[in-house]
Amino acid sequence: MIRFLCLGLWRDRSRSLFPLLTVVIGVMLTVVMFSWIKGFTENFLGTSARLGSGHVAVMSRAYAGERDQLPNDLALTGVQGLLERLHRDFPSFAWTPRIRFAGLLDVPDEKGETRAQGPVGGLAVDLFSPGSPEPAILDLEPTLVGGALPAGRGEVLLAHELASRLGLAPGASVTLIAGTMFGGMATANLTVAGTFRFGAPAMDRGMILMDVADARAVLDMDDAAGEIAGFFHSGFYDRRAAEAAAARFNARFASSQDPFAPRMDTLITLSGMGQFLGYMDTILGAIVAVFLATMFIVLWNTGLMGNIRRYGEIGVRLAMGETKGRVYRSLIGEAAIIGLAGSLIGTVLGLALAFYVQAHGLDFGNIMKNASLLMTTRFHTHVTAAAYVIGFIPGLAATVLGAATAGRAIYKRQTSRLLKELEA
Amino acid sequence: MKQAAAVIVLFLVLAPARAAATAPESAGAILKKVDENRVTGNKVILSEMTIHGRRFSRTVRARSWIQGTEKSFSEYLEPPRERGTKMLKLGDQLWTYYPASDRVILIAGHMLRQSVMGSDLSYEDMLEDPTLHDSQQGAVSGEETLLGRPCWVLDLRALREDAAYPSRRLWVDRERYTVMREDRFARSGRLLKTAVVESVRRFGDRWLPDRVRFKDALKEGEGTVFAILEIQFDAAIPGAVFSKAALKK
Amino acid sequence: MITLRLALRNILGTGIRAWLNAFIISIALVASSWNQGVVAGMDEQAARAARDLEYGGGQYWQESYDPYDPLTLEEAHSPLPEELRRLVNEGKATAVLMMQGSIYPQGRMRSILLKGIDPRQHVLDFPTSALSAAGAGLPALIGGRFARAVDLARGDTVTLRWREPGGAFNAEDATIVHVMQTTLAAIDNNQAWLPLDRLQEMARLPGAATLVVLAPGTAPLSAPPGWVFRDPDFLLRDLRELVKTKSVGRVVLLVIFLSLGMLAIFDTQVLAIFRRRREIGTLVALGFTRGQVVRLFTLEGALHGVLAVLLGAAWGLPLLWLQARLGFAVPPGTEDMGISIGERIYPAYGAGYILGVAVLSLAVTTVVSLLPSRRIARLKPTDALRGRAS
């Protein structure tokens, strides 16, 4: 029976091609839209993770409690060992140490005397270790205003505004003065490799970005780090997985009384974005629901029309003695095959498109030319597991339902009038 | 010989005070003696500062050359990371030299309020003129015994309106004129910092505290312990020591 | 003209199907207007919160004040100039003095910002009146987030330490008289609000302020010497930029929603042409040029757009209006973010946006209708008459 129906659909393109195309396009749109919406939230989260503490972060308990005070004396120690354990036990994340600090930037004149001074906030990340995920995560290239990315130890990036306030150009030498992990004062001479602008006033006013090894040397933080940031390899925040990882990690230290025992937190709790995400979820959920409902109507309509088109053919089949039930069932079977095939193709095409945009993003740099925003102007979709199935809801269910609704007309037709209709 | 003479002179000066121990001297007179006892011409001190943090404790060792109240030069010897760091104080200016960056940096503005080497002391505290008799005034408010030594308790007010600590209370050894304890108060009278002498030692002809615990009274913790290991009075210090050029040497 | 009437009769004649298509497009219209409204509503609410709680109708900054550099606070204060004092006295502005200080919750030191504000002010809409509470030695008002961060609750006392401009230390215990729940981080994070006169006294800066907030709706004066006026546009710049980003998401969603509507129209058009081959043949036989027939069918398709706009207006506008009136509750979040949004979102629709979307959908409907109709031009009238599609 199924084979018969398939053959029929294959041979009579007018019966199949157009409804199929509609389903394909509809399902594709659904998948793309769904992934776009998922990705849109990610764009907000992504920025927060990128410049913040990752999708999950491991810090010492004491540090986490006073995070905003940058208490590096409370930082994690034994980071190398901890990193290895994290790599082994939580392989779905890329783990990387980060250090935040506050300090003073001192600019010498020719004689080495202080020419200018200014407070700085520092972020140190692993720029140079082979295999470090940071260069890809931070993606600093587009934020460069002048100069180049640091190419070696002792080279740093400065916020463009800070650099111009201190009268610094790429290539200039500066001295960083900061407190060490043990409370001492330390200095280091650094070279400004380039200047950047993230678009966030707080960072653009006075941020220095440097390699974590340099920071460790200055701050006397050998094998220590304020935080170990974890980024999902997928690049996307997975709330449930993040929470599960944090719970699993923290359970191991539950019995420890050590205030410096490591503790894992998720991006949501760290950034305080829970409420914001709640809003996003509500709104986006409503949009998805409306979209699905509408798509359902469209495809139901397609199923409906497909049968109306075949008014004559059905008449002939009934006149030839096929039972109404059989005709009805065959119509639904055909719709199911079209719905299934359409949903499959549509999902594949939709996923392909969504994956493409996920990988390459859509650049809205032109629209947002004047936006000096922390976030990228490049927007990405995010393909989730749900995207694989969501298209089938309208694609399959609506098409079948449409056929079922339209097919009821079969039962209304009177055999006596069939031949008359055929003459017309 | 010279020192012996000084002891005799000092004894003569102090003798009447000892005799009148029960009748308090004026606070001003006591302060003057305190200053005479500790603020001298030249001295070279080897000191150790143990800083108790919330997590780590560490000890910093330094040698200081001090001339009166205006000039001092310190070189840090320990821990290894700090070795070679130098600090020069000339009047109310403070420079530090960091070997890591080979830079001399003027500590000014808000940096003065930072703690020195993570201790409970700020650079500003270090810059404070240590002479008491011309910066404080007040009265003897009582007597107490600290470390087994009878002390005057002095309640003092800063003469300068903008002094960091508008008032303080001093416990001064009635015989040796060493300060045994010092509490520093906010304008509201709230206790902010304490310096408690934990032991005194005789250096040549005078008694000086050789172990003092400084503490931020509002903060929990064990504070910073400052200890004098060696002290040399009236040392000959070449004038070149108190110059910026000496920092880089 | 005859074409228009004919087209209208034709599509109305198809009955429910025409309305269904129109309905689908109208959903796209209404949904995207709603989406725009909600996002704009959120933004407006955030902007309003910032205005009501922080920026007012603009701020006069003491010229040394730089919100991103706390070190400037040591210098950033002067006695209120006469003009500004008059505004303050008239209740058209309120002065804020800022100073750095430390608090010692649980025996740990933490640097915070001390902000003084007149407890009786009505310029900014947060509960400063709590600061006039009798009995509390030094009353302090803090935000919920900060209260959590330092583990303080209403009724607790905490030691504040600060330095007077001359350098002298001072310290006093403050009593937390109120913990305000606010989503605006700018009045919450790492700061404590004190009565202005008390802070001025503490800072030994009688009559001084760091900035003066103008009441919303008050026309700004030209800034007195030593002060700079920052208008709301300047103050809200960061927020506006964020809004721009969100608009990108909106554009993409609109495109997807419209494609959905277009899919429906396209579908209908193709089917209509298929089913009405005979009619096409007849029209051509009656002397209609092919161009006219194409125009007729295109017009019919485009009329779906018109119907959609009408239909959308009919069901959508009341719904949108209702939504704007009632707002909708937002699920309680665990934490807040730096952007302030209320507990209910009230959408703020843009008439221009709705109109634009309507015009856009008309245009796109027309194009989509034209595409299948061009096939008509390729139809042989003889075949068409017999009901055969080529």
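Which residue is the bridge partner of C:Tyr60 in strand 10 of chain C? The exercises below start there.

The model is predicted: local features need pLDDT of at least 70, side-chain atom pairs count only at pLDDT 80 or more, and totals for chains, interfaces and linings use all residues. Residues are numbered from 1 along each chain as its sequence is written, while chains are lettered from A and ligands numbered from 1 in the order in which they are written.

**Exercise 1. Place strand 10 of chain C among its neighbours.**

Solution.
- Step 1. Fix the terms. Helices (H or I, at least four residues) and strands (E, at least two) are DSSP runs, numbered from the N terminus. Two strands pair if DSSP finds at least two bridges between them.
- Step 2. Answer the opening question. The partner of C:Tyr60 is C:Val212.
- Step 3. Identify the strands. Strand 1 (residues 59-62) of chain C pairs antiparallel with strand 10 of chain C, over three bridges.
- Step 4. Add strand 3 (residues 93-103) of chain C. Four bridges join it to strand 10 of chain C, again in the antiparallel sense. One pairing to check is C:Ala93 with C:Leu214.
- Step 5. Test burial. A residue is buried if 20 or more other C-beta atoms lie within 10 Å of its own, exposed if 12 or fewer, and partly exposed in between; C-beta atoms are placed from the backbone. In a regular strand the side chains alternate between the two faces of the sheet. In strand 10 (residues 211-214) of chain C, C:Leu211 and C:Val213 are buried on one side, and C:Val212 and C:Leu214 are buried on the other. Both faces are covered.

**Exercise 2. Follow C:Val212 into the nonpolar core.**

Solution.
- Step 1. List contacts. Two residues are in contact if their C-beta atoms, placed from the backbone, lie within 7 Å. Leaving out residues up to four places away in sequence, C:Val212 touches C:Gln59, C:Tyr60, C:Leu80, C:Leu84, C:Val88, C:Ala93 and C:Ala95.
- Step 2. Define the core. A nonpolar core is a set of buried Ala, Val, Leu, Ile, Met, Phe, Trp, Tyr and Cys residues joined through C-beta atoms within 7 Å.
- Step 3. Find the hubs. The largest nonpolar core has 168 residues, and C:Leu97, C:Ala140 and C:Val212 have the most contacts inside it. Helix 2 (residues 16-55) of chain C gives the most to this core, with 20 residues.
- Step 4. Look for another core. A second, separate one has 121 residues, including A:Ala159, A:Val212, B:Trp152 and B:Val197.

**Exercise 3. Is strand 8 of chain C enclosed or open, and what pairs with it?**

Solution.
- Step 1. Count buried residues. Four of the five residues of strand 8 (residues 191-195) of chain C are buried, so the strand is largely enclosed by the rest of the structure.
- Step 2. Find the partner. Strand 4 (residues 110-117) of chain C runs parallel to strand 8 of chain C, joined by five bridges. Among the bridge partners are C:Ile117 and C:Pro195.

**Exercise 4. Check the geometry of helix 9 of chain C.**

Solution.
- Step 1. Compute the span. The expected span of a helix is 1.5 Å times one less than its number of residues. The 37 residues of helix 9 of chain C should span 54 Å, and the end C-alpha atoms are 53 Å apart, which agrees.
- Step 2. Locate the bend. The bend at a residue is the angle between axes fitted to the seven residues ending there and the seven starting there. A kink of about 35° lies at C:Gly316, shortly before the proline C:Pro318.
- Step 3. Inspect the end. C:Gly327 follows the helix, with a positive phi near 65°.
- Step 4. Sample two residues. C:Arg295 sits in helix 9 (residues 290-326) of chain C. C:Arg295 counts as partly exposed because it has 19 C-beta neighbours inside 10 Å. C:Val306 lies in helix 9 of chain C. C:Val306 is partly exposed, with 18 other C-beta atoms within 10 Å.
- Step 5. Relate sequence to space. C:Arg295 and C:Arg250 are 45 residues apart along the chain, with C-alpha atoms separated by 33 Å. C:Val306 and C:Thr365 are 59 residues apart in sequence and 9.1 Å apart in space, C-alpha to C-alpha.

**Exercise 5. Describe the contact of chain C with chain B.**

Solution.
- Step 1. Count. Chain C gives 14 residues and chain B gives 15 residues.
- Step 2. Assign elements. On the side of chain C that touches chain B, strand 6 (157-163) and strand 7 (169-180) of chain C each supply at least two residues. Strand 7 of chain C gives the most, with four residues.
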